[in-house]
Amino acid sequence: MKDLESRFFSIKKSIPKNIKILVVSKNQSVSSIERLYQIGHRDFGENYVQEMIQKYQKLPKDIRWHMIGVIQKNKLKYIVPFIHLIQSVQKIEHLQIINKEAFKNNRLINCLLQIKICNERNKTGITNQEADHIMNHDIYHHMKNVKIIGLMGMASLHASIQKIRQEFFFLKKLYDEYQRKYQHYILSMGMSNDYPIAIEYGSTYIRLGTSLFGKRKLTTILK
Ligand SMILES: *Cc1c(COP(=O)(O)O)cnc(C)c1O
């Protein structure tokens, strides 16, 4: 079996140089993160605030942490002091909290809006109308410590390739529009099972867990 480092390098080699990789380290140990840190990787994504904070405390401070899980409103204050990018914003209310906490920390926090591109129940996100609403909102325009710089989406896990293509195409069209209107520059789409398709459809950032670490253990996923 190939080890973690060689899996990482072989994926990196197989994709265009300008595509970034977010290593999704949820449910993975601090030592696996360290192994990828040792070979120069810095961007890691987590779904839970508690887990991210524990890892943040144990690991080098130049790691760039990305929040990719459902936002836990009252826990945002714990990650704002160090977070690099919040990829899963879905509400103006989240932005208000992030902005307030960022001001206290004298930081500017970059965020992505998470768009729902498939109908699977467990996949969250907002519609393009809701995203328009946020982008055009006066409240957002008055925020000085938060900036929306792109979009994130998750395609169907159980669907035909054709359906997945349609989902990525939908997000790419919205991204192109926002790139023109609002200078967005990150399109975060593509996971272990679909990242080559996502790249075809213009992804700039893929998020990989399983393809690097293997299947996550069910018991830890359910906790
Ligand atoms: C878990 C997760 C991933 C990684 O999924 P894999 O299929 O393990 O690569 C990517 N994005 C989000 C938002 C996730 O929650």
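## Exercises on a ligand and its pocket

The ligand sits in the largest pocket. The model is predicted, so let's keep that in mind as we work through three exercises.

**Exercise 1.** Find which residues are around the ligand, and sort them by character.

*Solution.* Start with the residues from the earlier part of the chain numbering: V24, K26, N47 and I68 are among those around the ligand. Then add M154, M191, S192, R207, L208, G209, T210 and R216. Now sort the shell: five residues are nonpolar, four are polar and three are charged.

**Exercise 2.** Look for polar atoms that lie within 3.5 Å of the ligand's oxygen atoms, and then work out how much of the ligand is buried.

*Solution.* Begin with S192, where a side-chain N or O atom is 2.5 Å from a ligand oxygen. Next comes G209, which places a backbone N or O atom 2.8 Å from an oxygen atom of the ligand. For R216, a polar side-chain atom lies 2.8 Å from a ligand oxygen. Finally, turn to the area: the ligand alone exposes 390 Å², and the protein buries 93% of that.

**Exercise 3.** Describe the fold, and decide how compact the chain is.

*Solution.* Count the elements: the chain has 11 helices and eight strands. Its radius of gyration is 17 Å, close to the 17 Å from the globule rule for 223 residues, so the chain is as compact as a globular protein of that length. Lastly, the C-alpha trace spans about 55 × 40 × 35 Å along its principal axes.

Terms used
Residues numbered from 1 in each chain as written. Predicted model: local features only at pLDDT ≥ 70, side-chain atom pairs only at ≥ 80, totals over all residues. Heavy atoms only, no water. Near = heavy atom within 4 Å. Polar contact = N/O pair within 3.5 Å; in protein donor to acceptor, adjacent residues only side chain to side chain. Areas by Shrake-Rupley, 256 points an atom, 1.4 Å probe, with all protein chains shown as cover. 1 Å grid on protein atoms, 1.4 Å probe; cavity = no way out; pocket = protein on both sides within 12 Å on 5 of 7 lines; lining within 4 Å. Sits in = over half its atoms within 2 Å of the grid points. Nonpolar A, V, L, I, M, F, W, Y, C, P; charged D, E, K, R; others polar. Helix = DSSP H or I, 4+ residues; strand = E, 2+ residues; numbered from the N terminus. Rg over C-alpha atoms; globule rule 2.2 N^0.38 Å.
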